[in-house]
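User: I am new to reading protein models. Can you walk me through one, feature by feature?
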Amino acid sequence: MDLNFGADAEEFRTEVREFFADNRANFPTQSYDTAEGFEQHRRWDQILFDAGLSVITWPAKYGGRDATLLQWVVYEEEYFRAGAPGRASANGISMLAPTLFSHGSEEQLDRVLPKMASGEEIWAQAWSEPESGSDLASLRSTAIKVDGGWKLNGQKIWSSRAVFGDRAFGLFRSDPQAQRHRGLTYFMFDLKAEGVTVRPIAQLGGDTGFGEIFLDDVFVPDDDVIGAPNEGWKAAMSTSSNERGMSLRSPARFLAPAERLVAAWKANPDPVFTDRVADAWIKAQAYRLHTFGTVTRVAGGGELGAESSVTKVFWSDLDVEIHQTALDLRGSDGELADSWTEGYLFALGGPIYAGTNEIQRNIIAERLLGLPRESQGQAR
């Protein structure tokens, strides 16, 4: 593990810190799960893109600046320390883009990535289905080959950014005779295309950024297939690993609220909460060190694998713990609507999205610990 930032990284930190200080007035003021807030966040993506700070680890020709993973960690620390807003483009830049880098064609990279980085095209995650959530291989939406492309049919649900976004990515069953993890094809498709209907789903806080997508003979050209037809599961696992692991949930995301929690406790040092506050802060620091280990491994040519499930369980539980402790520390004021309560409502979804933690624990048991799979007839 390399904990030495070096002069280049610290110089970059200064640049990023000054940028956020100068652009605080440009921070969106509304949630990206509302129509007005979504457009504010789209403009924020454009501001970051124009400054070369939207997708810093990407190649320059796609809007990045060829930054190292260590610089990415520095950037994320400064981003969350400044209280900068969440990214409406997160699905695209953190999940779809790594998949395209691994499995996409040069034509797809040139066509998709610059618009993604600038916020011109915001991507929705068309992953789960009403009868297929964490067990993604059980999906029922279909893809039928036609001249020049495919016809998609089915329903996707809990699709973040679908209501206000532009395009979506997801798996469809293209060979109904194949085994569960075969016969799946990974598609990109236009949310405004003929045959696509998007309906909003209200979240706990009342916003409608989630949506369900209905597809009725939606034509998708061959150019929008990622990887080989019927081999989409491999590409999908690239997306899932990045969603569960390092790319979507940087340590700064938890360090910032953990530091706020400590400050809140110092302002009202109730001994009842001392251990809980300390535990949350320690876990946030532990996750930061874990990420440095991941950065060192990936920089050396390694990949994110099944261990990303461990990461996912850890950060999602930690997010709930930090916010629950903050609300409990405030007593009756914990019911007042503010950034803590909004953060808590969002954190509650963490153990569910990106693959439920129950499924992640099965993956940990089987693929990392080598424990036997539970038989169908075994009592639960």
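Analyst: We will take cores, a helix, buried threonines, salt bridges and backbone angles in turn. Keep in mind that this is a predicted model.

User: Start with the inside. Which residues have the most contacts inside the largest nonpolar core?

Analyst: The general idea comes first. In soluble globular proteins, nonpolar side chains tend to be buried together. Here the largest nonpolar core has 27 residues. Those with the most contacts inside it are Trp58, Leu96, Leu100, Leu113, Met116, Leu171 and Tyr186.

User: Which helices and strands each supply at least two residues of this core?

Analyst: Three helices do: helix 4 (90-103), helix 5 (106-118) and helix 6 (232-244). Two strands do as well: strand 4 (167-173) and strand 5 (184-190). There is also a second, separate core, with 22 residues. Val16, Phe19, Trp44 and Val295 are among them.

User: Now a helix. How many residues does helix 3 have, and what does it span?

Analyst: Compare the span with the one expected at 1.5 Å a residue. Helix 3 runs over residues 69-81, which is 13 residues. From first C-alpha to last it reaches 18 Å, close to the expected 18 Å.

User: Is helix 3 mostly covered or mostly open?

Analyst: Mostly covered: 10 of its 13 residues are buried. They are Leu70, Gln71, Trp72, Val73, Val74, Tyr75, Glu76, Glu77, Glu78 and Tyr79. Note that the list includes Gln71 and three glutamates, Glu76, Glu77 and Glu78.

User: What covers the buried residues of helix 3?

Analyst: The cover includes four other helices. They are helix 1 (6-22), helix 2 (35-50), helix 7 (252-267) and helix 8 (274-299). After helix 3 comes glycine 83, with a positive phi near 75°.

User: Next, polar residues inside. Is threonine 99 buried or exposed?

Analyst: Read the relative accessibility, then look for a polar partner. Threonine 99 has 0% relative accessibility, so this residue counts as buried. Threonine 99 sits in helix 4. Its side chain reaches the backbone oxygen of methionine 95, at 3.1 Å.

User: And threonine 185: where is it, and which backbone atom lies 2.8 Å from its side chain?

Analyst: Threonine 185 is in strand 5. Its relative accessible area is 0%, so threonine 185 is buried too. The atom is the backbone nitrogen of asparagine 230, 2.8 Å from a polar atom of the threonine 185 side chain. Beyond its neighbours within four places in sequence, threonine 185 contacts several residues, including Gly170, Leu171, Phe172, Val225 and Pro229.

User: On to charges. How many salt bridges does a search of the whole structure find?

Analyst: It finds 21. For each pair, check the distance, then the place in sequence. Take glutamate 10 and arginine 13: their closest N and O atoms are 3.1 Å apart. They are three residues apart in helix 1, so about one helical turn separates them. Glutamate 10 is partly exposed at 35% relative accessibility, while arginine 13 is buried at 11%.

User: What does the salt bridge between aspartate 166 and arginine 42 tie together?

Analyst: The two side chains meet at 3.0 Å, N to O. Aspartate 166 lies in the loop between strand 3 (149-160) and strand 4, and arginine 42 in helix 2, so the pair ties together parts that are 124 residues apart in sequence. Arginine 42 is buried, at 16% relative accessible area.

User: What separates aspartate 279 and lysine 283 in helix 8?

Analyst: About one helical turn, because they are four residues apart in that helix. Their side chains form a salt bridge at 3.1 Å, N to O. Aspartate 279 is partly exposed at 31%, and lysine 283 is partly exposed at 28%. Salt bridges can also share partners: Glu10, Arg13, Arg17, Glu77, Glu78, Arg81 and Arg288 are joined that way into one network.

User: Last, the backbone. Which residue in the loop between helix 2 and helix 3 should I look at?

Analyst: Most residues other than glycine have a negative phi. Look for exceptions. Aspartate 66, in that loop, has a positive phi, near 55°. Arginine 161 has a positive phi too, near 75°. Arginine 161 lies in the loop between strand 3 and strand 4 and is buried, at 9% relative accessibility.

Methods. Residues are numbered from 1 along each chain as its sequence is written. This is a predicted model: local features need pLDDT of at least 70, side-chain atom pairs count only at pLDDT 80 or more; totals for chains, interfaces and linings use all residues. Side-chain values use heavy atoms; hydrogens and water are left out. A nonpolar core is a set of buried Ala, Val, Leu, Ile, Met, Phe, Trp, Tyr and Cys residues joined through side-chain atoms within 4.5 Å. Buried means under 20% relative accessible area, exposed over 50%, partly exposed in between (1.4 Å probe, protein chains only). A polar contact is a pair of N or O atoms within 3.5 Å; within protein, one must be able to donate a hydrogen and the other to accept it, and residues adjacent in sequence count only if both atoms are side-chain atoms. The expected span of a helix is 1.5 Å times one less than its number of residues. Contact means heavy atoms within 4.5 Å. A salt bridge is a side-chain nitrogen of Lys or Arg within 4 Å of a carboxyl oxygen of Asp or Glu.
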